[in-house]
Amino acid sequence: MRTASAAGSRTGKVVHGTGRRIRRATSAEGAGESGLAKLIELHALNSFGDMLITVALASTIFFSVPTGEARGRVALYLLITMAPFAVLAPVIGPLLDRLPHGRRAAMAMSMLARAVLAWTMASTVAGGGLALYPEALGVLVASKAYGVVRSVVVPRLLPSRLSLVKANSRVTLAGLLATMVAAGVGGLLHLIGPGWPLRGAFLVFVVGTLMAFHLPHKVDSAKGEQRAVLHAEVHGQAAGTVGPSGQTARPPAPKASLRTVGPSVILALRAMSALRWLVGFLVMFLAFLLRTEPIGGLQPTLALGLVALAAGTGNALGSVLGSWLRTRGSEATVTAMLLLATCATAAAALWYGVVTVIAVAGVAGVSASLGKLALDALIQRDVPEAVRTSAFARSETLLQLSWVAGGTVGILLPLNGVLGLSVAAAVVGVVLLLTVRSLLRIGLRHRATAPRVA
C-alpha cells in the first residue's frame with residue numbers, strides 16, 4: 001500500500017508539473033493575458049480528438065483491406081471530403097459573417113457535433129460499411145467549421161508582443177504536438193477494440209465543448225470594430241452615370257468575390273494550392289506505392305513510418321520557423337516554399353531512393369506548414385473584418401479541393417515512383433513560374449490598401 005501510494009504521489013507530481021510547464025509555455029509573451037493561451041489549449045484538444053477519429057477510420061478504410069480494394073475505398077473517401085467544402089464556402093462562411101457575436105457558441109457546437117458523431121461511429125466502425133461515410137462527412141463539416149472560426153478568432157486574441165504569423169504558428173504547433181500524442185494514444189486504444197479511439201474522441205470533444213465557452217468574451221464582442229465593405233471596379237461606371245432627371249445614378253454594386261481580397265492573397269492562394277496538391281498527391285501515391293513496392297529493401301510498414309515521421313517533423317519544423325518570420329514578408333515566404341518543394345520533388349524523381357523520398361516528404365511538410373501560416377497572415381492583414389470569415393472559408397475550400405485533386409491523381413497514376421514524382425514536379429513547377437511572375441508584378445514591398453469602411 002505504501003509503495004502504491006508513493007507511486008501515485010510521484011505520478012501526480014509529474015502530471016502537475018507537466019501541466020504547469022505547458023500552461024507557462026502557452027501563456028508566454030502576453031498570450032495568457034490576451035486569452036490566446038486558452039485558444040491554443042482548445043486547439044490542441046481539437047487536434048487530439050480529430051486524430052483519434054483519424055486513427056479509427058484509417059484502420060478500417062486503409063490498413064485492414066487489400067491494396068486494390070483500399071484504393072477504391074480511399075477514392076470514395078476523397079469524394080466525400082469534397083462535400084464539406086461545398087457546404088462550407090457558400091453557407092458557413094457568410095453565416096458566421098452575420099453572427100459576429102456567436103463565435104464561441106459556433107466552436108462549441110462543432111465540438112459537440114463531433115462528440116455525438118464519434119459516439120455513433122463507435123458502433124459502426126468495426127463493419128466499415130457505407131453507413132460510416134455519412135457520419136465521417138458530418139465530422140469533416142464540423143471540423144472545418146471550427147477551423148474557419150479559429151482562424152478568425154486569432155486576431156482578436158493577439159497579444160501586442162506577437163505577430164500574426166508567430167501567433168498562428170504557436171497555435172498550429174500546439175495542434176501538431178497534440179496530434180503526435182493522440183496517434184500513440186489512439187493506437188493503444190485500437191488494441192482494445194476498433195471503437196475505442198472513437199469513444200476516446202467523444203470524451204475529448206465533450207471537454208472541448210465546455211472549454212470553448214471559457215474563451216474570453218471579446219471573442220464574441222464587436223465593440224470598437226468597423227465593418228468593412230469590399231468594392232470592385234465597374235468598367236465604364238467608376239464615377240456613376242447621369243440619369244434623365246439630371247441626378248447622378250450610382251453604378252450597380254458588384255458582388256464581392258475572392259479576387260477582391262488583393263493580389264498578395266491571390267498569389268499566396270495559388271502557391272498554397274500547389275503545395276496542398278503536392279501533399280495530397282504524396283500521401284496517396286506513396287501510401288499505396290510503398291505497400292506494393294517498398295524502397296531500399298525496407299518493410300512496407302517501416303517505409304511508411306519513416307515517410308510519415310518525416311512529414312510530421314516537417315510540419316512541426318514549419319510551425320517553429322513561422323514564429324521567426326514577420327508578416328510583411330509573407331509573399332516572398334510562400335514563393336520560397338513553393339520553390340523548395342519543386343526542387344525537392346524534381347530531385348526525388350531524378351534520384352529515386354529511400355533518402356530522396358523521405359526528404360521530399362519532409363520538405364513538403366515544411367513548405368505546406370510554413371506557406372499556410374504566411375497565407376493566414378496575409379488574409380488577416382489584407383481582408384476586412386466583415387468578410388474575413390468568408391475569405392477563410394473560401395480559401396480553405398480551394399486548398400482542400402487541391403488536396404483532394406492531388407490525392408485523386410496519386411490514386412489514378414500507375415504505381416511507378418519515377419513517373420509519379422516527375423508528374424508532381426511538373427505540376428508544382430508550372431505553378432511556381434506563375435507565382436514568380438505575380439511576385440515580380442506585386443513587388444516584395446507591396447502593401448495592401450486600407451479597405452473602405454461603412
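These exercises work through the fold totals and two helices of the structure above.

The model is predicted: local features need pLDDT of at least 70, side-chain atom pairs count only at pLDDT 80 or more, and totals for chains, interfaces and linings use all residues. Residues are numbered from 1 along each chain as its sequence is written, and side-chain values use heavy atoms, with hydrogens and water left out.

**Exercise 1. Describe the protein chain by its totals.**

Step 1. The secondary structure comes to 14 helices and 2 strands. Both are DSSP runs, numbered from the N terminus: helices are H or I with at least four residues, strands E with at least two.

Step 2. The chain has 454 residues, and 50% count as buried. Buried means under 20% relative accessible area, exposed over 50%, partly exposed in between (1.4 Å probe, protein chains only).

Step 3. Take contacts between residues at least 6 apart in sequence: 85% join residues at least 24 apart. Contact means heavy atoms within 4.5 Å.

Step 4. About 21300 Å² is exposed, with 67% supplied by carbon and sulfur atoms. Areas come from the Shrake-Rupley method with a 1.4 Å probe; for residues, only the protein chains shown count as cover.

**Exercise 2. Check the length of helix H5, then find its buried face.**

Step 1. H5 covers residues 103-121, which is 19 residues. The expected span is 1.5 Å times one less than the number of residues. That gives 27 Å, and the end C-alpha atoms are 27 Å apart, which agrees.

Step 2. The buried residues include Arg103, Met107, Ser110, Arg114 and Met121. Seen down the axis, the buried residues fall within an arc of 155 degrees, so they line one face of H5. The arc is taken from the directions from the helix axis to the C-beta atoms.

**Exercise 3. Contrast serine 110 with valine 116.**

Step 1. Serine 110 lies in H5. Its relative accessible area is 5%, so serine 110 is buried. Leaving out residues up to four places away in sequence, serine 110 touches Ala142 and Tyr146.

Step 2. Valine 116 also has its place in H5. At 48% relative accessibility, valine 116 is partly exposed.

**Exercise 4. Repeat the length check for helix H10 and name its partners.**

Step 1. H10 (residues 300-322) has 23 residues and should span 33 Å at 1.5 Å a residue. Its end C-alpha atoms are 33 Å apart, in agreement.

Step 2. Among the buried residues of H10 are Leu304, Val307, Gly314 and Gly318. The buried residues of H10 pack against helices H7 (164-192), H9 (263-292) and H12 (354-382).
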